[in-house]
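Trainee: Could we go through this model together, one question at a time?
Mentor: Gladly; have the coordinates open as we talk.

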Amino acid sequence: MRRSSFGHNQERAAVLCGLGSWLPPRVVDNAEIAARLDTSDEWIRTRTGIRQRRIVEPGVTTSDLAVEAGQRALKSANVESVDFVILATTTPDRPCPATAPEVASRIGVGGAAAFDLNAVCTGFLYGLGTAAGLITGGMAERVLLIGADTFSTILDPNCRTSAAIFGDGAGAVVLRAGEPHELGAIGPFDLGSDGEGADLITVADRNSHFAMQGQKVFLRAITHMAKSAEAVLDKAAMRLRDVDKFVYHQANARILYGVADQLGQPRSKFVRNIDLVGNTAAASIPIALAAANEDRDLRVGHRVLLGAFGGGLTWGSTLLRWPDIDAL
Ligand code: UT7
């Protein structure tokens, strides 16, 4: 079979056909964090662009959010069965077994192959690449990919910086086998990692909290995401000006603007919903996609570049033309 580029063959493609998201109902605004930690609404807004985030109630787990988002994506795609369920998460319900099989059973697609994938905030992009590979390689006709995280459960309660940034949530997509020229066809991909930066974002062991060297991550995020955008556009023989919308992992509004400036692209092309949800890790891109579809910020036929950066260090980018889709 001829291959045009990494993970992308010319006869068969993975096509986005369902999209759903779910946020826990409890809203935590900046004032609530400032009431308990030494920070302020002003610091959080100007340094991150975040005004509020959603946080799970005690006892609510990643699988609970994943089930809600997964069900919505299946309904949006109007399908009742899939061959694989991939759960991108850094906060599985427990270290063993993986959370995905339980999620698959709870949403009525038990029997499908199901596994967790951990690429931290790049998890959804890695999941898209994996799903696309399974479909283009002929292993699957349909894949449900869920990004779900409950970072609030692993944060140091006394850390004002991580409390300011992270929120909980889930988003999911269904990908089906189709053809490369269809709306919704995904690819090519640029995915990468740099383990020399492994210590910059960590949870050291089961009794430790999440830790991040914010400044170092900030600078690397902008550089790697900008380079990765250029690499994926090269593979697709496209130019930056051909992209209508950039949908990036929502880590920090200043990172989004840094990437826009580095690429010489108007900031208005960058979808932004971090204000309302914070950094939801592996869930951030599908949540942003669902919100932008709802707001008609993403329109049918738009050429969309997706990008992410996270712990590992990991990064990735891919492209699609936006399909006619009802996100739930
Ligand atoms: O999700 C994928 C991976 N994650 C990311 O991409 C996140 C990347 N990093 C960031 O978004 C930013 O680095 C942070 C939002 C985490 C921090 O923002 P920053 O502008 O890099 O702040 P900083 O760590 O350089 O700290 C600047 C100052 C320090 O005070 P001094 O030393 O200048 O007096 C901090 O102690 O801000 C202080 N500070 C705070 N002040 C009030 C740090 N956190 C807070 C806070 N409230 N919450």
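Mentor: What follows is a set of short questions with reasoned answers. This is a predicted model in which local features need pLDDT of at least 70 and side-chain atom pairs count only at pLDDT 80 or more, while totals for chains, interfaces and linings use all residues. Residues are numbered from 1 along each chain as its sequence is written, and side-chain values use heavy atoms, with hydrogens and water left out.

Trainee: Which helix gives the most to the largest nonpolar core?
Mentor: A nonpolar core is a set of buried Ala, Val, Leu, Ile, Met, Phe, Trp, Tyr and Cys residues joined through side-chain atoms within 4.5 Å; buried means under 20% relative accessible area, exposed over 50%, and partly exposed in between, with a 1.4 Å probe and protein chains only. The largest core has 46 residues, and those with the most contacts inside it include Phe246 and Ile255. Helices (H or I, at least four residues) and strands (E, at least two) are DSSP runs numbered from the N terminus. The most comes, with nine residues, from helix 7.

Trainee: Which residues does Ile255 touch, not counting those up to four places away in sequence?
Mentor: Contact means heavy atoms within 4.5 Å. With that cut-off, the partners of Ile255 are Phe218, Ala221, Ile222 and Met225.

Trainee: How far apart are the end C-alpha atoms of helix 7?
Mentor: The expected span is 1.5 Å times one less than the number of residues. For the 22 residues of helix 7 that gives 32 Å, and the model agrees, with its end C-alpha atoms apart by 31 Å.

Trainee: Which element gives the largest share of the shell around the ligand?
Mentor: A residue is near a molecule if one of its heavy atoms lies within 4 Å of it. There are 22 residues around the ligand, with Thr39, Arg47, Gln215, Asn252 and Asn279 the closest. The largest share, four residues, comes from helix 7.

Trainee: What is the distance from a ligand oxygen atom to an N or O atom in the side chain of His249?
Mentor: A polar contact is a pair of N or O atoms within 3.5 Å; within protein, one must be able to donate a hydrogen and the other to accept it, and residues adjacent in sequence count only if both atoms are side-chain atoms. For Arg160, the ligand oxygen distance is 2.9 Å, and for Arg254 it is 3.2 Å. For His249 it is 2.8 Å.

Trainee: Which side chain has a polar contact with that of Thr91?
Mentor: Thr91 sits in the loop between strand 6 (84-88) and helix 4 (100-106). Its relative accessible area is 5%, so Thr91 is buried. At 2.7 Å, the side chain joined to that of Thr91 belongs to Asp149.

Trainee: Is Ala281 buried or exposed?
Mentor: Most residues other than glycine have a negative phi. Ala281 has a positive phi of about 55° and is found in the loop between helix 9 (274-277) and helix 10 (284-294). With a relative accessible area of 1%, Ala281 is buried.

Trainee: And Ala237, buried or exposed?
Mentor: Ala237 follows helix 7, and its phi is positive, near 55°. Its relative accessibility is 72%, so Ala237 counts as exposed.

Trainee: What is omega for the peptide bond from Gly312 to Leu313?
Mentor: Most peptide bonds are trans. Leu313 lies in the loop between strand 14 and strand 15. The bond from Gly312 to Leu313 is cis, with omega near -10°.
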